[in-house]
Amino acid sequence: MLYEPSRHEALRPIRWDENVVRRTIERIVADTEAHFSEERYWPIHPLDAQDAHPPDHVETSLYDGACGVIWALHYLEDVGACALSRRYGALLERLFVDNRRALGARAAEYRGSFLLGDTPIAMMAFGEAPTAERASTLRDLIAGNIDHPARELMLGSPGTLLAALFLHERTGSERWSDLFRLTANKLWTQLEWSAEHRCAYWTQRLYGRSSTYLDAVHGFVATALPLICGRHLLDDGAWHDWERTIGDTVGRTANRVDAHANWRPELNEAEPGRKRLVQFCHGAPGFVICLADLPSTALDGLLLAACELVWSGGPLAKGSNLCHGTGGNGYAFLTLYQRTQNTMWLERARAFAMTAIAQCREARHEYGRGRYSLWTGDVGLAIYLWDCLSGVPRFPTVDVF
């Protein structure tokens, strides 16, 4: 079997209801704003708390902290999903200081990180006021992260490769396209070859260990995403090489059983089959989302099989969130709907959305509070629900910033 049934639960037989979806988005936004404090931003949910953190720790990152919540609230208002009681841009300068304090001894190492470091805060500040000083700060963050040994989305240069792409899309400046190409060229030189699997891969060195992750946060396919989306910034020869390499690695590492497909977390697993995950951060949904804009149709059969696995497995028992929850998995259906225009995938995305609403409500009742983070919490779900209304997938901070 390509997944572990114990990690999933049955789809709730709840009819798609646009009014319920809109009210849920409004409720999430209102609750999030109501629990903001000037001193600590938002309270940390028990599921996001880590034993290593002191009691006064404040979460500040894009991934699961204040940066992500501020980004999500502003984004939801900007796309017309809600009206905020206030804007939060004035907090960004203080958030720089608090984020470095939260990173502690690893502040220098993680400073450029896209999901944990200063880069997204600097991008938001630049969006508020695109000054030369803020552009210089961003340039230094991205350039300084090119040689980071993680080589993955959360900490390493693939994350700042994505940041450079977003900045180029926003400004059209060659400063950012040059950094994009410089980072991409470096990543090309860091590729390794597996004779066993007959494909290229990266070794990621993070959190004190070396890995060969394939997934959509720490792994190969996460790096493929900005390369695919920014292929217009590469010359034809470079993109041809990247497209062949991405196709070979994705195709040769897929595990298929009948009409289903999935990917193991690492290329070189010490214990083959140890994890059979089906979530954005590890497994089939993340592969579909990261490969959504691949111009070649050579992998379309795999993407279809991957989405059939997501549907067969059902919603995730971990809840409604994006990173490892039902909302994130639902984005795979929205992605395939956009790629194929087959309305079955939109219907399946919306079915997952209604189950995710029920999961969010039940978690709120269990813990007596909401979960205030982008990738692991309620505002990420709100963005997924908004995208289910339009049928256009824009995975937060991956497809759009």
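Okay, quick definition before we start: when I say two residues are in contact, I mean they have heavy atoms within 4.5 Å. Keep that in your head, because we'll lean on it for W375. One more thing up front: what you're looking at is a predicted model.

So, W375. Which residues does it touch, if we leave aside its neighbours within four places in sequence? Here's the list: L62, Y63, L115, V217, F280, N321, L322, C323, F395, P396, T397 and V398. W375 also turns up in the largest nonpolar core, which has 137 residues. Together with I25, W42, W71 and Y384, W375 is among the residues that touch the most other members of that core.

Let's zoom out. The protein has 15 helices and 6 strands. How do its 401 residues compare with a compact globule? A compact globule with that many residues would have a radius of gyration near 21 Å, and this protein has 20 Å, so the two agree. If you'd like dimensions, the C-alpha trace spans about 55 × 55 × 40 Å along its principal axes.

What about inside and outside? Buried residues make up 60% of the 401. The accessible surface comes to about 15900 Å², and carbon and sulfur atoms account for 49% of that. On charges, we have 41 positive and 49 negative side chains, and the centres of those two sets lie 1 Å apart.

Now, contacts along the chain. Take the contacts with a separation of 6 or more: 69% of them are between residues 24 or more positions apart.

Okay, two residues to click on. Start with G330, in helix α13, which covers residues 326-340. Is G330 buried or exposed? Buried means under 20% relative accessible area, and G330 has 0%, so it counts as buried. Skipping residues up to four places away in sequence, G330 touches A349, F352 and Y384. You've met Y384 already: it was on that list from the largest nonpolar core. For a sense of distance, try G330 and L92: they are 238 residues apart along the chain, and their C-alpha atoms are separated by 31 Å.

The other one is S194, which you'll find in strand β1, residues 192-194. S194 has a relative accessible area of 6%, so it's buried too. And what does S194 touch, not counting residues up to four places away in sequence? That would be C199, Y201 and L267.

That's my tour, thanks everyone!

Note on methods. Residues are numbered from 1 along each chain as its sequence is written. This is a predicted model: local features need pLDDT of at least 70, side-chain atom pairs count only at pLDDT 80 or more; totals for chains, interfaces and linings use all residues. Side-chain values use heavy atoms; hydrogens and water are left out. Helices (H or I, at least four residues) and strands (E, at least two) are DSSP runs, numbered from the N terminus. The radius of gyration is taken over C-alpha atoms; the globule rule is 2.2 Å times the number of residues to the power 0.38. Buried means under 20% relative accessible area, exposed over 50%, partly exposed in between (1.4 Å probe, protein chains only). Accessible areas come from the Shrake-Rupley method with a 1.4 Å probe; for residues, only the protein chains shown count as cover. Lys and Arg count as positive and Asp and Glu as negative; His and the chain ends are not counted. The place of a charge is taken as NZ of Lys, CZ of Arg, CG of Asp or CD of Glu. A nonpolar core is a set of buried Ala, Val, Leu, Ile, Met, Phe, Trp, Tyr and Cys residues joined through side-chain atoms within 4.5 Å.
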